[in-house]
Amino acid sequence: MDNEMTLTFLARSENESLARIAVTSFMAQLDPTVEELSECKTIVSEAVSNAIIHGYAHNPNGIITVHATRHGAEISVVIKDEGCGIANIDQAREPLYTTKPELERSGMGFTIMESFADFLQIESTLGEGTIITFTKQISPLQAYVT
């Protein structure tokens, strides 16, 4: 491991941007493309908002932990909550599935995360919480030659 960071915060909507900025700032040392930054920001945003909305049902006292590591040009991020957990992970991964249709949720969170990550793992235990792990290989920007 070349570097790591851990961020712990309350499950409040305003902290979603904190998590995105922390992870993308951590990634910046690898000189990622704008697309890579945007994809990782989206994955973090989806995972954190799922923890807030579904895991803790908007209980602002829940705790979310984001842990990122760098191995060479690969970033690995773990987003963990200790909320209610997911009853059926396979069903939750299905496009358009949502447990909160009254909130006009699209049910595309896991689908989006999977499309942007090189690897995505979802672990969950009812009553204990959920852990989302993703990795992303970063292709550093090359200097332009004129």
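This passage describes the fold, helix packing, nonpolar core and selected residues of a predicted model.

Because the model is predicted, local features were considered at pLDDT of at least 70 and side-chain atom pairs at pLDDT 80 or more, whereas totals for chains, interfaces and linings use all residues. Residues are numbered from 1 along each chain as its sequence is written, and side-chain values rest on heavy atoms, with hydrogens and water left out.

The chain contains 4 helices and 5 strands, where helices (H or I, at least four residues) and strands (E, at least two) are DSSP runs numbered from the N terminus. Along the sequence these elements follow the pattern β-α-α-β-β-α-α-β-β. Of the 146 residues in the chain, 43% are buried, a class defined by a relative accessible area under 20%, with exposed meaning over 50% and partly exposed lying in between (1.4 Å probe, protein chains only). Among contacts in the chain with a separation of 6 or more, 66% join residues 24 or more positions apart; contact here means heavy atoms within 4.5 Å.

Helix 2 (residues 34-55) packs against helix 1 (15-27) at an angle of about 145°, with the two axes 9 Å apart. The axes are lines fitted to C-alpha atoms, for helices over the stretch in contact, and the angles run from 0 to 180 degrees between N-to-C directions. The crossing of helix 1 and helix 2 is right-handed, whereas that of helix 2 and helix 4 is left-handed; a crossing is left-handed if the near helix is turned anticlockwise from the far one by less than a right angle, and right-handed if clockwise. On the helix 1 side, Glu-16, Ala-19, Arg-20, Val-23, Thr-24 and Met-27 meet a set of helix 2 residues that includes Leu-37, Cys-40, Val-44 and Val-48. The axes of helix 2 and helix 4 (residues 109-116) come within 9 Å and cross at roughly 150°, and these two helices are therefore roughly antiparallel to each other, a label given to angles over 145 degrees, while those under 35 count as roughly parallel, 65 to 115 as roughly perpendicular and the rest as oblique. This contact is made by Glu-39, Thr-42, Ile-43, Glu-46, Ala-47 and Asn-50 of helix 2 and by Gly-109, Phe-110, Ile-112, Met-113 and Phe-116 of helix 4.

The largest nonpolar core has 35 residues, of which Met-5, Val-48, Ile-64, Val-66, Val-77, Ile-79 and Phe-134 touch the most other members; such a core is a set of buried Ala, Val, Leu, Ile, Met, Phe, Trp, Tyr and Cys residues joined through side-chain atoms within 4.5 Å. Helix 2 gives the most to this core, with 7 residues. Beyond four places in sequence, the contacts of Phe-134 include Cys-40, Ile-43 and Val-44, together with Ile-75, Val-77, Ile-79, Ala-117, Phe-119 and Leu-120.

Two threonines of strand 5 (residues 129-137) were examined. Thr-130 lies in this strand and is buried, with a relative accessible area of 7%. Its side chain makes a polar contact with the side chain of Ser-124 at 2.8 Å, a polar contact being a pair of N or O atoms within 3.5 Å, of which, within protein, one must be able to donate a hydrogen and the other to accept it, and for which residues adjacent in sequence count only if both atoms are side-chain atoms. Thr-133, also placed in strand 5, is buried at a relative accessible area of 12%, and among the residues that Thr-133 touches beyond four places in sequence are Ser-76, Val-78, Phe-119 and Gln-121.

Several loop residues complete the description. Asp-118, in the loop between helix 4 and strand 4 (119-125), is exposed, with a relative accessible area of 52%. Asp-118 and Gln-137 are 19 residues apart in sequence and 7.0 Å apart in space, C-alpha to C-alpha, and a polar atom of the Asp-118 side chain lies 2.5 Å from the backbone nitrogen of Gln-137. Ile-86 lies in the loop between strand 3 (74-81) and helix 3 (89-92), and its contacts beyond four places in sequence include Phe-110, Ile-122 and Thr-130. Asp-31, in the loop between helix 1 and helix 2, has a positive phi near 55° although it is not a glycine, and Asp-31 is partly exposed, with a relative accessible area of 39%. Ala-57, in the loop between helix 2 and strand 2 (63-71), likewise has a positive phi, of about 50°, without being a glycine.
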